[in-house]
Amino acid sequence: MQALVYLFIALAGVALGAAAYFGLAFTLAEAILVALVALCIGTLVMERRLRLRAERRLERGIEDLSRLLATDAQAGSVLGRRINALSELNPGQRLETIEADISVLGTVIRQVAEAVAEIEEKSVAAPAALSNGHAERFSGESARPQAQAKPVADDRADPIIPLELVRQAMAEQHLVYHIQPVARLPQRRAAGYDLVPRLMLEDGDFSDPDDFMPREGGEDVVQRIEGTALNEAVAIARRARTGGQSISLFIPLSAATLRDSAAMEQVLATLDANRVIATNLVFTVPEVDFQMLLQKARPALQAIQRRGAGFSLSYATSLRLNFTELSEIGVRSIRVNASRLIASPEVYTDFHLSDIASYVGRFDMTLLATGVTDERQIVELLDNEIMLVQGNHIAPAGPVRQDLLLEPARTVVPQPALPPRRRAEV
């Protein structure tokens, strides 16, 4: 098409030159010049029009490309958001939660079926019960499908060492701090260490906390023991971290410290000064005391949680707890007696033993079985997915291992201070 246009321009230039030569009496040179000028002007005009048309076409193409790129960017942003949303999903955890819910639902259905069967049996025996004058008692019992098991009492025995002897032993530097591992099954690797305050007796034996920790009175002694335990735990954690290890330490804590403003200020100041290891510190609080503190000293618990430390409930008397509230306040584990849990799980909960661990795990907490005495219990706990265990059968309390410290553990030379230890039944 362009070639035809250029042909017409050439013909027009020749025609103008001929007209100037024949019609206007131009000389031959002038006629040729006229033809060339006309040819050049026509070519310039044509080229300019073609260039403008190409520029407009290029501009339209750039605009179309810009719109396409904008659309692609928007689609990429939407796709990115969807990918981020998918990456935040944890299908494995969701599946575990669903499986735990199904397992719990199965347990509940089984319990309901048993309760219905019990009601039917009692309804058959109702006429006989009414004839014997027990209608009122029967109606009360039949309205309750399943009796709630009475929670066990706190299994801590009263201390056998008088408070004054404890003060004397502390004054003579007979208080030492040992550690007892918390093992994770099935490998039995240490998942953490209990910091255990112990009194050294004159025969070289050690008295456990249940034998000397005051239960009533002696708050100043308890505060001193727990404050020193926190300092020891910080020292151990820092030395272990310097040596390239990260260990969890369980530190005893009680209402005597949590309800005392001066003692709490010291605890919080220690945590503030050791933020780098605060998440490795877990305070062990008796479950009964913790439930009371939730009502009377919640700000103290929340202050400890905000600094990164957590809680472990010891001597649990029941698992019929508000796990949502406990998880929000920073509880990481609940300790139950292994023998009692295996022999009588209904004392702790209405769930089947195999469902307890998965149910507690839904709230980012774990069950910790204490007082393990033999391999049979370990097998039973493994079968029921209870992985954290502790007891003398696993490992007894002892001095801090050398591989946890960069310097030797503190040793104490025994001195006569206390009478021979009388072992208590716990």
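## Exercises on Salt Bridges, Strands and a Surface Patch

Asp 350 counts as partly exposed, at 26% relative accessibility (buried means under 20% relative accessible area, exposed over 50%, and partly exposed in between, with a 1.4 Å probe and protein chains only). The model is predicted, so local features need pLDDT of at least 70 and side-chain atom pairs count only at pLDDT 80 or more, while totals for chains, interfaces and linings use all residues. Residues are numbered from 1 along each chain as its sequence is written, and side-chain values use heavy atoms, with hydrogens and water left out.

**Exercise 1.** Determine which parts of the chain the salt bridge of Arg 320 and Asp 350 ties together.

*Solution.*
1. A salt bridge is a side-chain nitrogen of Lys or Arg within 4 Å of a carboxyl oxygen of Asp or Glu.
2. For Arg 320 and Asp 350, the N to O distance is 3.2 Å.
3. Arg 320 lies in the loop between β6 (310-314) and α14 (323-329), and Asp 350 in the loop between α15 (338-343) and α16 (353-361), so the pair ties together parts that are 30 residues apart in sequence. Helices (H or I, at least four residues) and strands (E, at least two) are DSSP runs, numbered from the N terminus.
4. Arg 320 is partly exposed, with a relative accessible area of 29%.

**Exercise 2.** State whether Arg 335 and Asp 194 are buried or exposed, and locate them.

*Solution.*
1. The closest N and O atoms of the salt bridge between Arg 335 and Asp 194 are 2.7 Å apart.
2. Arg 335 belongs to strand β7 (residues 331-337) and Asp 194 to strand β2, so this pair ties together parts that are 141 residues apart in sequence.
3. Both Arg 335 and Asp 194 are buried.

**Exercise 3.** Identify the strands that pair with β1.

*Solution.*
1. Two strands pair if DSSP finds at least two bridges between them.
2. β1 and strand β2 (residues 189-200) pair in the antiparallel sense over 10 bridges; in β2, Gly 192 is the bridge partner of Val 182.
3. β1 also pairs in the antiparallel sense with strand β9 (residues 388-389), over 2 bridges. The bridge partner of Ala 183 in β9 is Val 389.
4. Of the 10 residues of β1 (residues 175-184), 9 are buried, so this strand is largely enclosed by the rest of the structure.

**Exercise 4.** Explain whether Phe 22 is buried or exposed, and give its helix.

*Solution.*
1. Phe 22 is in helix α1.
2. With a relative accessible area of 68%, Phe 22 is exposed.
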